[in-house]
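Dear colleague,

Please find below the structure I promised to pass on to you. My notes on it follow directly after, and I would be glad if you read them with the structure open beside you.

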Amino acid sequence: KSSTAEQQSSSHQTPHHPPRAQFYPSIPAPNAKCHQSLPIPVDRDPSLPFQSRPLSYVDIFVDDFIGLAQDLTNERRVRRILLHAIDDVIRPLQKSDGPYRREPVSLKKLRQGDCSWSTVKQILGWVIDTVSMTIHLPPHRLERLGEILASIPATQKRTSVKKWHKVLGE
């Protein structure tokens, strides 16, 4: 009986969400805390509140815009509002501008997919996965944090401000 449940659990893949081990082999699967014989839930928890319309949210941290949206039409609306708001707040380029002034919205970043919708995104140095409801550091940052922490002796009770800033967010 448990082998059937394990097969169902391992064969379940969400359509837009490749296996995590493919990109982050050291990071456990989203249900790693669950017993292996328990299947991954595919239905929405009925105890969660129901919203009659799709949700959306935008947050800004210095020059990083973070947008969240449900539903394809809502995603387009949120992106359009955000880009129009940037144009309303920051003056577009003019011919009289100096050589160091750039467009408010970087076309290079747009072409790289920074303004694309995804269930897994790197935002402000963190990888946020909205399907598995997790947040983690990318592997290179995790390794660097391990190096910084390993350089601090276990017996040390104080540290310099410079070293503490490294730990907080190099």
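On the surface of this predicted model, Phe-61, Val-62, Leu-124, Trp-126 and Ile-135 form a nonpolar patch, and together these residues have about 540 Å² of accessible area. Two members of the patch can be described in some detail. Phe-61 belongs to strand β1, which covers residues 56–61, and with a relative accessibility of 49% Phe-61 counts as partly exposed, because that class lies between the 20% limit for buried and the 50% limit for exposed residues. Leu-124 is placed in the loop between β3 (120–123) and β4 (126–129), and Leu-124 is likewise partly exposed, with a relative accessible area of 43%.

Leu-124 also deserves a look for its backbone, since its phi is near 55°, a positive value in a residue other than glycine. Met-133 has a positive phi too, near 60°, and is again a residue other than glycine. You will find Met-133 in the loop between β4 and β5 (134–136), where Met-133 is exposed, with a relative accessible area of 70%.

Next come the charged side chains. In general, side chains of opposite charge can pair when their charged atoms come close. How many salt bridges does the model contain? The count comes to 3, and I take them here one after another.

The side chain of Asp-97 meets that of Arg-91 in a salt bridge, with a distance of 3.0 Å from N to O. Asp-97 also forms a salt bridge with Arg-101, and there the closest N and O atoms are 3.2 Å apart. Asp-97 itself counts as buried, at 18% relative accessibility, because the limit for that class is under 20%. As for the two arginines, Arg-91 is partly exposed, with a relative accessible area of 37%, and Arg-101 counts as partly exposed at 27% relative accessibility.

The remaining salt bridge joins Arg-144 and Glu-147, whose closest N and O atoms are 3.3 Å apart. Arg-144 and Glu-147 both lie in helix α5 (residues 139–150), where they are 3 residues apart, or about one turn of the helix. Arg-144 is partly exposed, its relative accessible area being 31%, and Glu-147 is partly exposed as well, with 48%. To return to the other salt bridges, those that share partners join Arg-91, Asp-97 and Arg-101 into one network.

Finally, a few words on the chain as a whole. Its secondary structure comes to 6 helices and 5 strands, and from the N terminus on these elements run in the order α-α-β-β-α-α-β-β-β-α-α. Of the 170 residues in the chain, 14% count as buried, and Asp-97, with its 18% relative accessibility, falls in the buried class. The accessible surface of the chain comes to about 14200 Å², of which 58% belongs to carbon and sulfur atoms. Among the contacts between residues at least 6 apart in sequence, 33% join residues at least 24 apart.

With best regards

Methods
Residues are numbered from 1 along each chain as its sequence is written. This is a predicted model: local features need pLDDT of at least 70, side-chain atom pairs count only at pLDDT 80 or more; totals for chains, interfaces and linings use all residues. Side-chain values use heavy atoms; hydrogens and water are left out. Helices (H or I, at least four residues) and strands (E, at least two) are DSSP runs, numbered from the N terminus. Buried means under 20% relative accessible area, exposed over 50%, partly exposed in between (1.4 Å probe, protein chains only). Contact means heavy atoms within 4.5 Å. Accessible areas come from the Shrake-Rupley method with a 1.4 Å probe; for residues, only the protein chains shown count as cover. Patches are made of residues with over 30% relative accessible area and no salt bridge: like charges are joined within 9 Å, nonpolar side chains (Val, Leu, Ile, Met, Phe, Trp, Tyr) within 5 Å. A salt bridge is a side-chain nitrogen of Lys or Arg within 4 Å of a carboxyl oxygen of Asp or Glu.
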